[in-house]
Amino acid sequence: MSKSKLYSVLLVVIFSGYAYFFYSLFHSSSSSMSFCIIKNVTGYPCPSCGTTRAVKLLFQGELLPSLLMNPFGIIVALLMLIIPFWIIFDLLFKKETFYRNYKKTETIINYKPLAIFLIVLVILNWIWNIYKGI
């Protein structure tokens, strides 16, 4: 993926995430309907179910409840805070620091033992979500 396409996709996704997050702050969902396609189709939560609630808890200063809701929430919150500023820095100063680090990370994650470990973490998180009955 080219640098400009990656930056565009990430910024659209992140700002859509911000929009959804702020929407969810001011509109409590009283219905049982979820935005999660997997949960709507199967009745079971996906590995990322509860991430928005975890981010909300984190921003309320509730670290442990956030971790218990979904540990991915902390990772998502950090990425959503760091990536836009990093991309803006690159664009302003005509650098490629984020893009180069993205490519390095992609190479590292393609290392089979690490990829298997990360997949196992996602599966464990999925089991945790099912166990909690999110």
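Reader: Before we get to the second largest pocket, which residues count as nonpolar, charged or polar here?
Author: Ala, Val, Leu, Ile, Met, Phe, Trp, Tyr, Cys and Pro count as nonpolar, Asp, Glu, Lys and Arg as charged, and the others, Gly among them, as polar. Please keep in mind that this is a predicted model.

Reader: Okay, so how does the lining of the second largest pocket divide?
Author: Its lining residues comprise ten nonpolar, two polar and one charged, and those that lie nearest the centre of the pocket are Leu79, Ile83, Tyr102, Thr105 and Ile109. The space in this pocket comes to about 470 Å³.

Reader: And which helix gives the most to that lining?
Author: That is H6, with six residues, while helix H1 (3–26), helix H5 (72–93) and helix H6 (97–109) each supply at least two.

Reader: Switching topic, how many salt bridges does a search of the whole structure find?
Author: The search finds one, and it joins glutamate 106 to lysine 103, with the closest N and O atoms 3.5 Å apart. Both belong to helix H6, where being three residues apart means that about one helical turn separates them.

Reader: Is that pair buried or exposed?
Author: Neither, strictly: glutamate 106 is partly exposed because its relative accessible area is 33%, and lysine 103 likewise counts as partly exposed, at 30%.

Reader: What about serine 66, where is its place?
Author: Serine 66 sits in helix H4 (residues 63–69), and it counts as buried because its relative accessibility is 0%.

Reader: What does its side chain reach?
Author: The side chain of serine 66 reaches the backbone oxygen of alanine 54 at 2.7 Å. Leaving aside residues up to four places away in sequence, serine 66 touches Ala54, Leu57, Leu58, Pro71 and Ile74.

Notes:
Residues numbered from 1 in each chain as written. Predicted model: local features only at pLDDT ≥ 70, side-chain atom pairs only at ≥ 80, totals over all residues. Heavy atoms only, no water. 1 Å grid on protein atoms, 1.4 Å probe; cavity = no way out; pocket = protein on both sides within 12 Å on 5 of 7 lines; lining within 4 Å. Points joined across faces, edges and corners; volume = space filled by probe spheres on them. Helix = DSSP H or I, 4+ residues; strand = E, 2+ residues; numbered from the N terminus. Buried < 20%, exposed > 50% of the residue type's maximum accessible area, 1.4 Å probe, protein only. Polar contact = N/O pair within 3.5 Å; in protein donor to acceptor, adjacent residues only side chain to side chain. Contact = heavy atoms within 4.5 Å. Salt bridge = Lys/Arg side-chain N within 4 Å of Asp/Glu carboxyl O.
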